[in-house]
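Thank you all for coming. Please take a moment with the sequence and the structure before I begin, and then we can go through the parts one after another.

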Amino acid sequence: MILGRHQQTTARPSLIVTGPAAAGKTTALLNVGRTCHLAHTRRNPPPPGSAHAAVPVAYVLVPPGATAKTLITEFARYLGIPVAARMTQTQITEAVCHTYTQAGVQLVMIDEIHRLNPRTTTGAQTADLLKDLSERLPATFVYAGINVTDTPLFTGTRGAQLAGRAALVDCGPLPARHGFREPFRDVITDIETALDLQQHKPGTLPRHTQYLHQRTSGRIGSLTRLIRQAAITAIHDGTERITKQSLDAVQLDHLAETHHRP
């Protein structure tokens, strides 16, 4: 599952997860990261008494207006690498590459990649930093962003380098039906299984698949926010269960509410 783990060349394969807002890109990224982390832990349990377990997955968010130094600082912050104000970008990069390799990071997930613009000087330097890291770290890089193919990230020489080594995964709204399958209902069932509400009856949410699909327009991000907020409300008011009435009471993001038609 970890692409490029045994890759010996510098051009390791990578993935770009793209799609419209609220399509579930970050949700998919975090679920993949969690799955990889658990799989690695099962295969390589830390020895008894060990204080330093391996860290197979790293998740970094591209900050707004990112420069190469602010982005590499985010990489350092994820693993708690000390960064002093007087440190140069090169020094931080060396510390990150050393620590990530020692920690056994195999999957690097970079979210909000659409914030990078290689047409600007700082954006070009930041894109070069990512290329450098992908060649120095023995890990697979997965990028996620909104409609990445429509941004400057895929243009010019740097864009061609990224597009030439990355497979594209397009995330769109899930259909209620796909042939004989019901993918949206399957997602709802998985989310409900993860709930820890004492009075919630299993199967309640899948029965409202049509309503939930209409309410969220099939967007996984909107769906998870809707169910999460309803669950939080159920805990606060002591009911410990989610009903259609409690789902109705949740105000969703503007995009979902705009597209929702009773």
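How much space lies in the largest cavity? Before I answer, please keep in mind that what you see is a predicted model. The space in the largest cavity comes to about 260 Å³, and the structure holds one cavity of 30 Å³ or more. There are 20 residues that line the largest cavity, and the closest to its centre are Ala127, Leu130, Lys131, Tyr143 and Leu162. If we sort the lining of the largest cavity by class, we find eleven nonpolar, four polar and five charged residues. Helix H4, strand E4 and helix H5, the last of these spanning 156–165, each supply at least two residues of that lining.

Let me turn to the nonpolar cores. The largest nonpolar core has 33 residues, and those that touch the most other members are Phe75, Val96, Tyr100, Ile110, Ile113, Leu130 and Tyr143. At least two residues of this core come from each of strand E2 (57–61), helix H2 (68–78), helix H3 (89–103), strand E3 (107–111), helix H4 (121–136) and strand E4 (140–146). Apart from this core lies another, of 18 residues, including Ile188, Ile220, Ala231 and Val250.

Tyr143, which you have now heard twice, deserves a sentence of its own. Leaving aside residues up to four places away in sequence, Tyr143 touches Ser14, Leu15, Ile16 and Val17, and also Ile110, Ile113, Leu130, Ser134 and Leu162.

Next, a residue in a loop. Met87 sits in the loop between H2 and H3. Is Met87 buried or exposed? With a relative accessible area of 17%, Met87 falls under the 20% limit and is therefore buried. Not counting residues up to four places away in sequence, Met87 touches Lys69, Pro82 and Ile92. Lys69 is 18 residues from Met87 along the chain, and the C-alpha atoms of the two are separated by 9.8 Å.

Finally, helix H8, which runs over residues 220–236 and has 17 residues, reaches 24 Å from its first C-alpha to its last, close to the 24 Å expected at 1.5 Å a residue. Which residues of H8 are buried? They are Ile220, Gly221, Ser222, Leu223, Thr224, Leu226, Ile227, Ala230, Ala231 and Ala234, and two of these names, Ile220 and Ala231, also appear in the core of 18 residues. After H8 comes Gly238, whose phi is positive, near 85°.

How values were computed
Residues numbered from 1 in each chain as written. Predicted model: local features only at pLDDT ≥ 70, side-chain atom pairs only at ≥ 80, totals over all residues. Heavy atoms only, no water. Core = buried A, V, L, I, M, F, W, Y, C linked by side-chain atoms within 4.5 Å. Buried < 20%, exposed > 50% of the residue type's maximum accessible area, 1.4 Å probe, protein only. Helix = DSSP H or I, 4+ residues; strand = E, 2+ residues; numbered from the N terminus. Contact = heavy atoms within 4.5 Å. 1 Å grid on protein atoms, 1.4 Å probe; cavity = no way out; pocket = protein on both sides within 12 Å on 5 of 7 lines; lining within 4 Å. Points joined across faces, edges and corners; volume = space filled by probe spheres on them. Nonpolar A, V, L, I, M, F, W, Y, C, P; charged D, E, K, R; others polar. Expected span 1.5 Å × (residues − 1).
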